[in-house]
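Colleague: Got a minute to go through the charged pairs and the cysteines with me? Put the structure up and I'll ask as we go.

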Amino acid sequence: MNWILLIIAGLFEVGFATCLGKAKYAEGQIATYWYIGFLICLTFSMILLVKATETLPIGTAYSVWTGVGAVGTVLVGIFIFKEPADFWRVFFISTLIMSIIGLKFVSH
């Protein structure tokens, strides 16, 4: 169950990074909404991360949390913000995904 909470926490990390990216291009009231979304996603992400670390080792939990956030944020960057998806970016994101899966298998 805590692995699921950890992945959801990572997805909320993607949410707060996305909100920051959107707020950067927004103005006025719309930017304020994006910053509020950032705070909401940040809060849920932290709460779920803390909950997951009750039973998972902190090193593993933090690594998976940041890894899910990093992979998701790169994908959001590619698909929403039209960042490049060249070979090396995809290659290194793939190795990060494999590392996250590896941590799951070696954690007790």
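**Salt bridges and cysteines**

Modeller: Here it is, and keep in mind that this is a predicted model. One residue to start with: Arg89 is partly exposed, at 26% relative accessible area.

Colleague: OK, which side chain does Arg89 meet in a salt bridge?

Modeller: That of Glu83, with 3.3 Å from N to O. Glu83 is partly exposed too, its relative accessible area being 35%.

Colleague: How many salt bridges does a search of the whole structure find?

Modeller: Two. Besides Glu83 with Arg89, there's a salt bridge between the side chains of Lys51 and Glu54, at 3.1 Å from N to O.

Colleague: And Glu54, is that buried or exposed?

Modeller: Exposed, with a relative accessible area of 55%. Its partner Lys51 counts as partly exposed, at 40%.

Colleague: Switching to the cysteines. How many disulfides do you count?

Modeller: Zero.

Colleague: Which cysteine sulfur is closest to that of Cys19, and why is there no bond?

Modeller: The closest one is in Cys41, but at 4.7 Å it's too far for a bond. The cut-off for a disulfide is 2.5 Å between the sulfur atoms, so the pair doesn't count. From the other side, the closest cysteine sulfur to Cys41 is the one in Cys19.

Colleague: Are those two buried or exposed?

Modeller: Cys19 is buried, with 7% relative accessible area. Cys41 is buried as well, at 13%. The limit for buried is under 20%, so Cys41 falls within it.

Notes:
Residues are numbered from 1 along each chain as its sequence is written. This is a predicted model: local features need pLDDT of at least 70, side-chain atom pairs count only at pLDDT 80 or more; totals for chains, interfaces and linings use all residues. Side-chain values use heavy atoms; hydrogens and water are left out. A salt bridge is a side-chain nitrogen of Lys or Arg within 4 Å of a carboxyl oxygen of Asp or Glu. Buried means under 20% relative accessible area, exposed over 50%, partly exposed in between (1.4 Å probe, protein chains only).
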